[in-house]
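Grab a pencil and work through these exercises with the model open beside you. Try each task before you read its solution.

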Amino acid sequence: MTLDLFLQHLTNGISLGSLYALIAIGYTMVYGILRLINFAHGDIFMMSVYFAFFGVATFGMPWYAAFLLAILLTGALGILVERTAYKPIREAPKISILISAIGASFLLENLATVIFGGRPKTFPQIELFTKMVDVGAVRIQMLTFMIPVITVALLIGLLYLINHTKSGMAMRAVSKDIETARLMGIDVNRTISFTFGIGSMLAAVGGIMWGLKFPSILPLMGVIPGLKCFIAAVIGGIGNIKGAVYGGFILGVGEIMLIAFLPELTGYRDAFAFILLIVILLFRPTGIMGEKISEKV
Amino acid sequence: MLKIDNLTVAYGGIEALKGISLEVEEGKIVTLVGANGAGKSTTLRSVVGLTKPKTGTITYMGMNLLVMKTQEMVRNGITLVPEGRRVFPNLTVLENLKIGAFYRNDEKNIKEDMEWVYSLFPRLKERTWQLSGTLSGGEQQMLAVGRALMSRPKLMMMDEPSLGLAPLIIKDIFNIIKEVNKQGVTILLIEQNANAALHIADKGYVMETGRITMAGSGKELLANPEVKKAYLGDTAHK
Ligand SMILES: Nc1ncnc2c1ncn2[C@@H]1O[C@H](COP(=O)(O)OP(=O)(O)OP(=O)(O)O)[C@@H](O)[C@H]1O
Ligand SMILES: [Mg+2]
């Protein structure tokens with residue numbers, strides 16, 4: 001393999017990893033605050049792609065307006081799922097909430113199938129993102145460069161939000177002790193909704209870029225990425241945002257390199273994530289950045 | 001200022017509070033003493049809405065607290081230093097203090113209050129940037145008190161602030177309670193350490209298995225033979 005080819009694969013891996021990271025952050029944020037796996041997250045991601053699709057293809061909006069609207073709508077959808085599927089049973093046993101999460105996931109998948117149709121649609125191709133550029137001997141889609149840049153920018157913004165703003169402080173407080181957070185005058189429900197909103201909007205950014213990169217879109221397209229990004233979050237140490245990002249990158253780069261170096265294993269592409277998960281769980285059950293997992297009291 | 005009337009609280013079928021009434025007058029230090037499981041914490045948790053009573057009323061400056069959300073309490077000047085400190089371990093000392101002033105927007109006054117808290121607890125100042133989870137128990141207790149003060153409370157309720165602390169630090173904490181009270185903050189103090197609490201209290205209540213069994217000024221209760229026997233470790237052998 002030449003160096004150029006290797007670099008090409010590496011860029012692709014980083015780009016895919018960025019998308020995984022954006023989605024994985026949503027899992028990890030929700031887990032961090034509620035100790036809940038939001039199984040509907042992959043489907044929220046899927047909905048974002050459709051929102052953007054309809055904005056551009058059906059309503060003929062300029063791409064930036066359609067994308068922005070899709071991001072906002074997805075944030076609202078995340079909050080809606082939280083308010084309807086999780087909030088009413090927040091005090092219920094963990095297993096009830098888990099089942100509700102799975103129910104929300106199925107509901108979104110089936111709603112999408114009924115409303116949007118089960119046949120694949122083609123995501124609009126926008127010249128600015130999809131054109132090819134040459135960097136040295138590497139010829140690559142513009143998008144492939146933009147994805148990591150956008151991801152890193154969003155990540156910096158997110159870390160700033162969480163660590164240096166009042167809302168972020170409220171999120172961190174709620175994640176440790178809901179009762180005491182209330183005593184401090186924090187609106188816990190709003191903080192939780194805010195968390196779902198942010199996580200969903202990040203998934204939407206990931207979703208739109210996913211649509212541009214892999215234009216064939218389906219109502220079930222959120223299932224496998226959702227699962228893989230959940231794995232990425234676990235690998236990184238669920239509850240930890242930087243961990244989710246590392247997990248996403250490891251998964252993305254690992255997957256692309258596997259195909260590049262061992263093309264005969266291409267069929268095992270999706271299995272790679274699970275194997276990695278098992279290995280990590282065996283040797284480091286709390287993930288790379290994970291702290292000791294403590295049950296919520 | 002705070003008036004609890006005929007409050008009953010049940011956990012499942014078990015009544016933890018069997019109709020208690022008490023009153024805290026503005027500007028005073030009132031203490032509630034009693035053995036383990038008497039229902040002291042339950043009383044405070046009911047005031048701030050973390051436990052829902054079965055019957056009874058709680059009024060604070062003319063407001064019905066039973067319909068007020070917990071998160072609104074602090075805006076109305078009520079703060080609780082909860083049992084077991086409950087500082088946010090993943091936040092720094094500074095952030096824990098800031099979060100005490102969460103509802104406030106008067107940055108300048110917040111800064112002043114922060115300096116005041118630091119002057120009360122110089123130990124906290126040295127540890128401004130430390131994660132609170134790594135503080136010692138006593139330091140965490142100081143932080144919990146400091147955090148409560150950051151809300152500029154009118155009524156500060158404290159659930160066993162001396163628990164698990166060395167005698168010297170207990171003395172500090174009690175001095176600070178007196179100091180804070182002098183600044184105009186009304187105090188409702190729960191204590192196992194009845195002796196110390198009754199010494200600084202204007203008024204005391206004794207609680208036994210969900211009932212208030214005695215009430216009086218701090219002095220009266222300190223002199224009361226039953227209180228002496230049950231709570232002040234004063235036995236016939238002494
Ligand atoms: N969440 C709960 N569920 C069931 N029972 C409870 C609960 N909280 C308190 N109790 C019971 O209510 C009674 C009063 O408890 P409370 O915590 O108010 O006591 P306390 O006076 O604060 O005791 P201590 O001095 O040990 O803190 C106890 O018998 C306790 O077991
Ligand atoms: Mg107690």
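**Exercise 1.** Find where Glu82(A) sits, and work out which side chain its own side chain touches through a polar contact.

*Solution.* Start with the location: Glu82(A) is in helix α3 of chain A. Helices here are DSSP runs of H or I with at least four residues, strands are E runs of at least two, and both are numbered from the N terminus. Next, check the burial: Glu82(A) has a relative accessible area of 0%, so this residue is buried. (Buried means under 20% relative accessible area, exposed over 50%, and partly exposed in between, with a 1.4 Å probe and protein chains only.) Finally, look for the partner: the side chain of Ser193(A) makes the polar contact, at 2.8 Å. A polar contact is a pair of N or O atoms within 3.5 Å; within protein, one must be able to donate a hydrogen and the other to accept it, and residues adjacent in sequence count only if both atoms are side-chain atoms.

Before you go on, keep in mind that this is a predicted model, where local features need pLDDT of at least 70, side-chain atom pairs count only at pLDDT 80 or more, and totals for chains, interfaces and linings use all residues. Residues are numbered from 1 along each chain as its sequence is written, chains are lettered from A and ligands numbered from 1 in the order in which they are written, and side-chain values use heavy atoms, leaving out hydrogens and water.

**Exercise 2.** Describe the aromatic pair of Phe45(A) and Trp210(A), then say why it ties together distant parts of the sequence.

*Solution.* First, the rule: rings of Phe, Tyr and Trp (its six-membered ring) pair if their centres lie within 6.5 Å; planes under 30 degrees apart count as stacked, over 60 as edge-to-face and the rest as tilted. The structure holds 16 such pairs over all chains. In this one, the centres are 5.6 Å apart and the planes make 90°, which is edge-to-face. Now place the rings: Phe45(A) belongs to helix α2 (residues 41-58) and Trp210(A) to helix α9 (residues 188-213), both of chain A, so the pair joins parts that are 165 residues apart in sequence. Their C-alpha atoms are separated by 9.6 Å. Trp210(A) counts as buried because its relative accessibility is 12%, and Phe45(A) is buried too.

**Exercise 3.** How are the rings of Phe67(A) and Phe129(A) arranged, and which residues form one aromatic cluster with them?

*Solution.* Begin with the geometry: at 6.4 Å centre to centre and 40° between the planes, the pair is tilted. Then locate the partners: Phe67(A) is in helix α3 (residues 63-86) and Phe129(A) in helix α5 (residues 127-130) of chain A, so parts 62 residues apart in sequence are tied together. Phe67(A) is buried at 8% relative accessibility, and Phe129(A) is buried at 7%. The cluster also takes in Trp63(A), Tyr64(A) and Phe123(A).

**Exercise 4.** Which protein atoms are donors of the magnesium ion (ligand 2)?

*Solution.* Search for donors, meaning N, O and S atoms within 2.8 Å of the metal (3.2 Å for Na, K and Ca); water is not among the atoms, so sites may look incomplete. You should find Ser41(B) (OG) and Glu83(B) (OE), lying 1.9 to 2.3 Å from the ion. Ser41(B) is in helix α1 (residues 40-47), while Glu83(B) is in the loop between β6 (78-81) and α3 (93-100) of chain B, 42 residues apart. To finish, compare their burial: Ser41(B) is buried at 15% relative accessibility, whereas Glu83(B) is partly exposed at 39%.
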